[in-house]
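Let's take a look at the pockets here, and at what lines them.

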Amino acid sequence: HTKVTYYLISLKTLLSMKNIKTLQGYRQHNMETIPLFSSPLVRFGGYTITDDVVNKIKSLPTTSNDFNKITKDKKVLLHPDFSAVREYCEYQLNKYVKDILNCTNEIYITTSWFNYTKQGESHHLHSHPNSLISGVMYFKGTPKIIFMRNEQPFCLDLNVNEYNLATAEEWILNCSPGELLLFPSKLRHSVDEYKENDTRISLSFNTFVKGHISEGTSKLEIK
């Protein structure tokens with residue numbers, strides 16, 4: 001009993017001490033938010049889009065997609081008219097792999113196609129299977145893309161005052177012609193109904209890895 005009484009008296013004494021840390025003091029402490037296990041979406045800008053390139057893109061044969069149109073050719077970056085675009089995409093892809101992923105694996109472009117979205121059309125929610133990193137590059141229109149979180153960050157539907165990267169279930173990016181986005185292929189994305197009078201034109205491409213991967217029982221050689 002003596003020990004318990006002494007503990008209670010000591011606690012009351014501590015609470016009444018003038019030098020105890022107040023809430024105001026705690027507010028002055030540094031706080032760091034760590035974006036743990038984030039999806040590395042990178043935006044590159046500054047590529048100049050010429051009318052000549054846009055006209056050549058418009059002349060390509062197309063086929064119906066779910067709510068817009070895409071090129072029949074699924075390897076458009078192999079076309080000589082788009083060699084400069086391919087070179088730019090490959091350069092930024094290598095930068096993404098080395099600087100963001102910090103890996104030595106060789107990642108290369110597999111398939112590529114153009115998307116055409118007219119007024120009243122949209123692009124359905126999707127991801128890119130059989131691909132590691134995907135890219136979207138904009139050539140015409142006022143591009144906007146919506147990315148969706150694959151998993152909810154918390155198990156409760158909280159009353160959030162204003163969503164941010166930590167709490168949002170979707171994220172809207174307003175883009176411009178000449179910008180390139182690179183992101184993990186499993187990241188779901190879509191395009192809402194296009195409101196403008198012109199045609200929104202974008203390039204999409206997928207990638208894969210080749211060469212030596214991992215060690216031990218997980219070792220794999222992809223040619």
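Start with β8: it gives three residues to the lining of the largest pocket, the largest share there. Strands like this are DSSP runs (E, at least two residues; helices are H or I, at least four), numbered from the N terminus. This is a predicted model, where local features need pLDDT of at least 70, side-chain atom pairs count only at pLDDT 80 or more, and totals for chains, interfaces and linings use all residues. Residues are numbered from 1 along each chain as its sequence is written, and side-chain values use heavy atoms, with hydrogens and water left out.

A pocket is an open set of points on a 1 Å grid over the protein atoms alone, where a 1.4 Å probe fits, with protein on both sides within 12 Å along at least five of seven lines; lining residues have an atom within 4 Å of a point.

| Pocket | Volume | Lining by class |
|---|---|---|
| Largest | about 1000 Å³ | 17 nonpolar, five polar, six charged |
| Second largest | about 260 Å³ | seven nonpolar, 12 polar, two charged |

Volume is the space filled by probe spheres set on the points, which are joined across faces, edges and corners. For the classes, Ala, Val, Leu, Ile, Met, Phe, Trp, Tyr, Cys and Pro are nonpolar, Asp, Glu, Lys and Arg are charged, and the others, Gly among them, are polar.

Back to the largest pocket, with its volume of about 1000 Å³. It has 28 lining residues, and F37, S38, S39, R149 and L165 are the closest to its centre. Besides β8 (170-174), β7 (144-148) also gives two or more residues to this lining.

Now for the second largest pocket, with about 260 Å³ of space. Of its 21 lining residues, W113, H123, H126, H128 and S204 sit closest to the centre. Here β11 gives the largest share, four residues.
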